[in-house]
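Trainee: I should like to study a single part of this structure closely. Please choose one contact within it and explain, step by step, what surrounds it.

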Amino acid sequence: MDSKPFILATAGHVDHGKSALVKALTGIDPDRLPEEKSRGITIDLGFAHTTLPVSSSDGAQTIRLGIVDVPGHEDFVKNMVAGVGSVDLALLVVAADDGWMPQTEEHLQILQYLGVGRGVVALTKADLVSDEQASQEQIRSKLRGTALADAPIIATSIPQGRGIEELKLAIVQALKDAQPRPDLGKPRLAVDRAFTIKGAGTVVTGTLIGGSLQRGQQIVVQPAGVTSRIRSMQSGNSEIAQVLPGIRVALNLPDLHPRDQALASSTIGRGDVVTIAGLGSPSDTLDVLLEQSDRAIEERRAHTVTNGMPVRLHFGSASVPARLCLQQGEELVAVQPALAQLRLESPAYLFADDRFILRDSAGRRTIAGGRVLDPRAQRRGFRSAARRASLERLCAARDPASRILAMLADRHLLPREQLLAQSSFTEKSIQDAIAQLAAQSEIIAGRSSIIETAWWHALLKRAADAIDADHDAHPERTGLPMAELRSVITAHIPPHVEIFDDLLASLKKDGFTQTDAAIGRAAHRPALPAHLHASADKIRNILSQQAFDPPSRKQLTPDTRAFQSLKFLIGTGEVIEIGNDLVLLTSHYHKAIEIIAGHLRQHGPSQVSELRQALNTSRRVMVPLLEKLDQQRVTLRQGDKRVLHNAASK
């Protein structure tokens, strides 16, 4: 029998019968804390599960329903937010005798902020009113203009056992055409409970989204980044080997400790996210699209939202203090979506397009909601026009290609590693988008970065201009020293981004060549400036006249012009360095090799003094010359004698 998993969350005012309704639907009492039992209200999240049959033309099916019962009291709205962060269906509960209450309205607004589009309304305690129709009409009017405007309203009475079967049918009808959450290969489980079981160790619970998890799998707990391994898993009181997205599950992580029971670093608790390696990292800055409910504004319940105000961010099962920065203006304009940045007091782990709630800093009032645009934002330049344009493009981006182009609009290059890892796109779709954009010449797919094409060409031009300027200023050099080129480039790229190798590869394809530690145009031929011609000619004459017994390097370069000239002659290969203080004309160097090789062929192994006499030079020249020939594998030293290297190897 085909079974589809879904998550339902209750919502509604305190003491309107949410927990009793869950117990009637499932047979499970979701109130688990002694204080909840004594006070008769839900304080923390409660959980239950059931299976509902579905009539289908394709054959018998069932819906495997995980139910999260959330608290309705104003003091516990933060727990309510934790319960509805990843649900497929909302069960909005309104008591007939009380009618629509403040927390009913706030819960409905939270559902809208979090993007919950499916719902069923339960009119509880219907036996306590004489005009049930009036109660339903009040609810329908309150739902007008919301995603639940057409939701079915089912009258129920727990003492009379009335409406429960009808409510089950309405839930099935709302979910029968819904698709289970997809497996994107990016599992995330927002931890809503962490506790210890004797003999098993730490167990955490939550609703899995984004991907599957397997027994024995290595996991990462964010935002702390601690690792663990899943020893076992349970769902619906049954041991399982694998859990799919959209299912409530309990994970046994024995090498971690519940945060409220331990001071060790390897802890886990509500607000943490269980995920896997390679899916990004936490951040203390989020760029977001903010919205404020027009219903709150109409009822004068909206809190004025101002630039720089302290707020409390609620997402998943976490709650983090933050400061709100508006991209434009000093106050949020009523009912107009606004670009904003949240600067968190501690790092948090979110994905692009995750939804969240903002409450005031005291956590007493819901003031806005929104959607994450960039989960790893930068504070610098947030209010610039370029960043605004990029964020506006991100608002409309719905596929990997458009998301990449929007991110490049003001950043120009992005590290290739983990690009869009913190998004709802699969790795394959991301790589396909990169290949498509590269084929269309909209991006440059570098070795380690994805680069905006226009910006890349501008960077190449900047590099080419720097090389040409060096050719003009120093025609005697083969090219711009590599260190100077790197300095030119790094001034225009973010820190810790390495694209220099990609730049060199592009330059070499475009008519440039690298020589030793410099790069220049392939057509460039080093030439001495006019003011150095005389000193260069003087060096040539001296080295030519004193072929194998030249003066020291210091004697050859008594001034700056002579020094620059000798450096040029060495750079062009006309002169060769023999040692720190000795140079020869390259032609004389090769002539010396011929003479030494001829002597060794004729006389065999020879001492320095014998080779010095053959070359008619001094020991000052002969010793460093032979050492260089040893390095060049022309000669080979054997004791105090030299032989030809190739002769020694025979």
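Mentor: Let us begin with one pair of residues: the bridge partner of F356 in β25 is G370. The model is a predicted one, in which local features need pLDDT of at least 70 and side-chain atom pairs count only at pLDDT 80 or more, while totals for chains, interfaces and linings use all residues. Residues are numbered from 1 along each chain as its sequence is written, and side-chain values use heavy atoms, with hydrogens and water left out.

A few terms are needed at once. Strands (E, at least two residues) and helices (H or I, at least four residues) are DSSP runs, numbered from the N terminus. Two strands are said to pair if DSSP finds at least two bridges between them.

The strands β24 and β25 satisfy this, as they pair in the antiparallel sense over 5 bridges. They form a hairpin with 5 residues between them. In its turn, G363 has a positive phi of about 70°. Strand β24 also pairs with β21 (residues 310–315), to which it runs antiparallel and is joined by 4 bridges. One place to look for this second pairing is H314, whose bridge partner in β24 is I357.

How enclosed is β24? Here "buried" means under 20% relative accessible area, "exposed" over 50%, and "partly exposed" in between, using a 1.4 Å probe and protein chains only. Because 5 of its 6 residues are buried, β24 is largely enclosed by the rest of the structure.

One residue deserves individual attention. D360 lies in strand β24, and it counts as buried because its relative accessibility is 10%. Contact means heavy atoms within 4.5 Å. If neighbours within four places in sequence are set aside, D360 is in contact with H303, V311, R312, R365 and I367. The chain brings distant positions together here: D360 and T304 are 56 residues apart along the chain, yet their C-alpha atoms are separated by 9.9 Å.

The hairpin belongs to a wider arrangement. A closed barrel of 6 strands runs in the order β20-β23-β22-β21-β24-β25, with antiparallel pairing. On average, neighbouring strands of this sheet are turned by 45° against each other, direction ignored. Such angles run from 0 to 180 degrees between N-to-C directions, and the axes are lines fitted to C-alpha atoms, for helices over the stretch in contact.

Elsewhere in the barrel, β20 (residues 283–291) and β23 (residues 338–348) pair in the antiparallel sense over 7 bridges. There, S283 stands opposite A348 in β23. Helix α4 (residues 102–113) packs on the sheet and touches β20, β24 (355–360) and β25 (366–374). The direction of α4 makes about 10° with that of β25.

For contrast, consider another sheet. An open sheet of 3 strands has the order β34-β36-β35, with antiparallel pairing. Its edges are β34 (606–607) and β35 (635–638), each with a single partner strand, so one side of each is left without a neighbour in the sheet. The pairing of β34 with β36 (residues 641–644) is antiparallel and has 2 bridges; within it, Q607 stands opposite K641 in β36. Helix α17 (residues 586–603) lies across β34, β35 and β36, and runs at about 95° to β36.

Helices can also meet one another. The axes of α11 and α13 come within 11 Å and cross at roughly 70°. That makes α11 roughly perpendicular to α13, since angles of 65 to 115 degrees count as roughly perpendicular, under 35 as roughly parallel, over 145 as roughly antiparallel, and the rest as oblique. The residues that meet are W456, L459, L460, A463 and I467 in α11, and D502, L503, S506 and L507 in α13.

Finally, a word on the whole. The protein has 20 helices and 36 strands, and 51% of its 650 residues count as buried. Among contacts between residues at least 6 apart in sequence, 67% join residues at least 24 apart. The C-alpha trace spans about 125 × 55 × 50 Å along its principal axes. To return to our starting point, F356 and G370 in β25 are bridge partners, and the strands β24 and β25 are part of the closed barrel.
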